[in-house]
Amino acid sequence: MTPEEIKVQRTNIPYWEIVDVCGVKKLHREFKFKNSQQALAFTNRLGEIAEKEDHHPSILTEWGRVCVTWWTHTVQGLHINDFIMAAMTDRLI
């Protein structure tokens, strides 16, 4: 995606940040929960969506917190699908 395309798509997911990991741009967001049970339930719902869409994020689940990172391995960076999946992730809350 071009920087202009990324800028346009970012308006749809304002709580996500773009991080650079070893030269690869990724979408990242931390979700906070009251306990580990809620965090795990969110992780499981996200896993079901990822499996259905055949697009899988990096997910770190800890007590009361879930960190989600989307990027597309095949393009080594961001694709429109990552922005769509980030928006779908937001709707789980």
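**Note on the predicted model**

1. At 10% relative accessibility, T72 counts as buried, because burial is assigned under 20% relative accessible area. The residue sits in the loop that runs between β4 and α3. The model under discussion is a predicted one, and the points below should be read accordingly.

2. The surroundings of T72 deserve a closer look. Its side chain forms a polar contact of 2.8 Å with the side chain of D82. Beyond residues up to four places away in sequence, T72 touches H55, G77, H79 and D82. D82 thus appears both as a polar partner of T72 and in the list of residues that T72 touches. Since α3 spans residues 80-90, the T72 side chain in the loop between β4 and α3 is joined to a residue whose number falls within that helix.

3. The overall architecture is as follows. The protein contains three helices and four strands, and along the sequence these follow the pattern α-β-β-α-β-β-α. The radius of gyration is 13 Å, close to the 12 Å given by the globule rule for 93 residues, so the protein is as compact as a globular protein of that length. Taken along the principal axes, the C-alpha atoms fill a box of roughly 40 × 25 × 25 Å.

4. Burial, surface and contact order can be stated at the level of the whole protein. Of its 93 residues, 39% count as buried. The accessible surface amounts to about 5,900 Å², and carbon and sulfur atoms contribute 53% of that area. Among contacts with a separation of 6 or more, 58% are between residues 24 or more positions apart.

5. Strand β1 (residues 17-21) pairs with β2 in the antiparallel sense, over five bridges. Within this pairing, V19 has K26 of β2 as its bridge partner, and V21 has V24 of β2. The two strands form a hairpin with two residues between them, in which C22 takes a positive phi near 55°.

6. Strand β2 (residues 24-32) also pairs with β4, again in the antiparallel sense, here over six bridges. One of the bridges places V68 of β4 opposite R29 as its partner. Strand β2 is therefore paired with β1 as well as with β4, given that pairing requires at least two bridges between strands.

7. H28, which lies in strand β2, has contacts that include residues of both partner strands. Leaving aside neighbours within four places in sequence, H28 is in contact with W16, E17, V19, C67, V68 and T69. Its side chain is also joined to that of T69 by a polar contact of 2.9 Å.

8. Which residues outside the hairpin of β1 and β2 take a positive phi although they are not glycines? D54 is one, at about 55°, and Q76 is another, at about 50°. D54 lies in the loop between α2 (36-53) and β3 (58-62), whereas Q76 lies in the loop between β4 (65-70) and α3 (80-90). D54 counts as exposed because its relative accessibility is 62%, above the 50% cut-off. The loop that holds Q76 is also the place of T72.

9. How many disulfides does the structure hold? The number is zero. A disulfide is a covalent bond between the sulfur atoms of two cysteines. C22 takes part in none, and the nearest cysteine sulfur, that of C67, is 17 Å away. C67 is likewise in no disulfide, with the sulfur of C22 as its nearest cysteine sulfur. That separation of 17 Å does not meet the criterion, because a disulfide requires cysteine sulfur atoms within 2.5 Å.

10. Are C22 and C67 buried or exposed? C22 is exposed, with a relative accessible area of 80%, while C67 is buried, with a relative accessible area of 8%. C22 is the residue with the positive phi in the hairpin of β1 and β2, and C67 is among the residues in contact with H28.

Definitions and conventions: Residues numbered from 1 in each chain as written. Predicted model: local features only at pLDDT ≥ 70, side-chain atom pairs only at ≥ 80, totals over all residues. Heavy atoms only, no water. Polar contact = N/O pair within 3.5 Å; in protein donor to acceptor, adjacent residues only side chain to side chain. Contact = heavy atoms within 4.5 Å. Rg over C-alpha atoms; globule rule 2.2 N^0.38 Å. Buried < 20%, exposed > 50% of the residue type's maximum accessible area, 1.4 Å probe, protein only. Areas by Shrake-Rupley, 256 points an atom, 1.4 Å probe, with all protein chains shown as cover.
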